[in-house]
Amino acid sequence: ETLPPEVMEIKNEKVPMVGEIAAGMPILANEFVEYYSPLKDTGADFCLKVKGDSMIGAGITDGCTVFIHRQDIVEDGEIAAVLIEDEATLKRVYVSDDSITLVAENPKYKPMVYSGEKCRGIRILGKAVSFMSTL
């Protein structure tokens with residue numbers, strides 16, 4: 001099935017900006033398309049504007065745009081957009097049999113550990129595949 005040219009352009013060259021994500025304390029997740037950000041060949045399904053400094057050790061600073069490939073499982077240590085109840089955050093993710101740990105790339109933030117019933121409120125939105133910053 002062939003897609004119309006305008007849909008192919010969005011699918012192949014532009015990624016929808018769907019809001020903001022916290023790099024610090026989680027913030028309320030509101031998903032709506034604000035605009036489309038140009039970026040080719042990243043495998044990203046959507047992008048988010050970063051608010052905060054918890055991922056500065058990975059080079060992701062306040063105001064960066066982070067590109068996310070939508071998937072609900074990531075490998076240990078990968079950076080992901082994570083939904084905690086109805087708040088979104090960007091962290092390194094570590095999963096064990098009975099817990100999920102979200103780790104910042106800034107020593108001023110302690111790891112966020114969820115275990116037992118609290119794991120039910122955690123959902124991985126997708127893996128960070130790229131980011132773009134401005135000087």
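## Salt bridges, cores and a few single residues

Let's start with D53, which is partly exposed, with a relative accessible area of 22%. Here buried means under 20% relative accessible area and exposed means over 50%, while partly exposed is anything in between (1.4 Å probe, protein chains only). Before going on, keep in mind that this is a predicted model: local features need pLDDT of at least 70 and side-chain atom pairs count only at pLDDT 80 or more, whereas totals for chains, interfaces and linings use all residues. Residues are numbered from 1 along each chain as its sequence is written, and side-chain values use heavy atoms, leaving out hydrogens and water.

Back to D53 and its partner. Side chains of opposite charge can pair when their charged atoms come close. A salt bridge here is a side-chain nitrogen of Lys or Arg within 4 Å of a carboxyl oxygen of Asp or Glu. By this rule there are 4 salt bridges, and the table shows some of them.

| Salt bridge | Closest N to O distance |
|---|---|
| D53 and K108 | 3.0 Å |
| R92 and E105 | 2.5 Å |
| E117 and R120 | 3.1 Å |

Take the D53 and K108 pair, with its closest N and O atoms 3.0 Å apart. D53 sits in the loop between β4 and β5, and K108 in the loop between β8 (99-103) and β9 (112-115), so this bridge ties together parts that are 55 residues apart in sequence. Strands (E, at least two residues) and helices (H or I, at least four) are DSSP runs, numbered from the N terminus. K108 itself is exposed, with a relative accessible area of 58%.

Now for R92 and E105, whose closest N and O atoms are 2.5 Å apart. R92 belongs to strand β7 and E105 to the loop between β8 and β9, so the pair ties together parts that are 13 residues apart in sequence. R92 is partly exposed at 21%, and E105 also counts as partly exposed, at 24%.

How exposed are the partners in the E117 and R120 bridge? E117 has a relative accessible area of 59%, so it counts as exposed. R120 is exposed as well, at 68%.

Next, the inside. A nonpolar core is a set of buried Ala, Val, Leu, Ile, Met, Phe, Trp, Tyr and Cys residues joined through side-chain atoms within 4.5 Å. The largest one has 15 residues, and those with the most contacts inside it are I60, V66, I68 and L90. Two or more residues of this core come from each of β4 (46-51), β5 (65-70), β6 (79-84), β7 (87-95) and β10 (122-132). Another core, of 12 residues, lies apart from it and includes V74, A80, L102 and C119.

What about cysteines? C119 counts as buried at 19% relative accessibility, and C47 is buried too, at 0%. C47 is in strand β4, and its C-alpha atom is 9.3 Å from that of S130, although these two are 83 residues apart along the chain. With a disulfide taken as a pair of cysteine sulfur atoms within 2.5 Å, the count is 0 disulfides.

One last residue is E85, in the loop between β6 and β7. Its phi is near 60°, a positive value in a residue other than glycine. E85 counts as exposed, at 60% relative accessibility.
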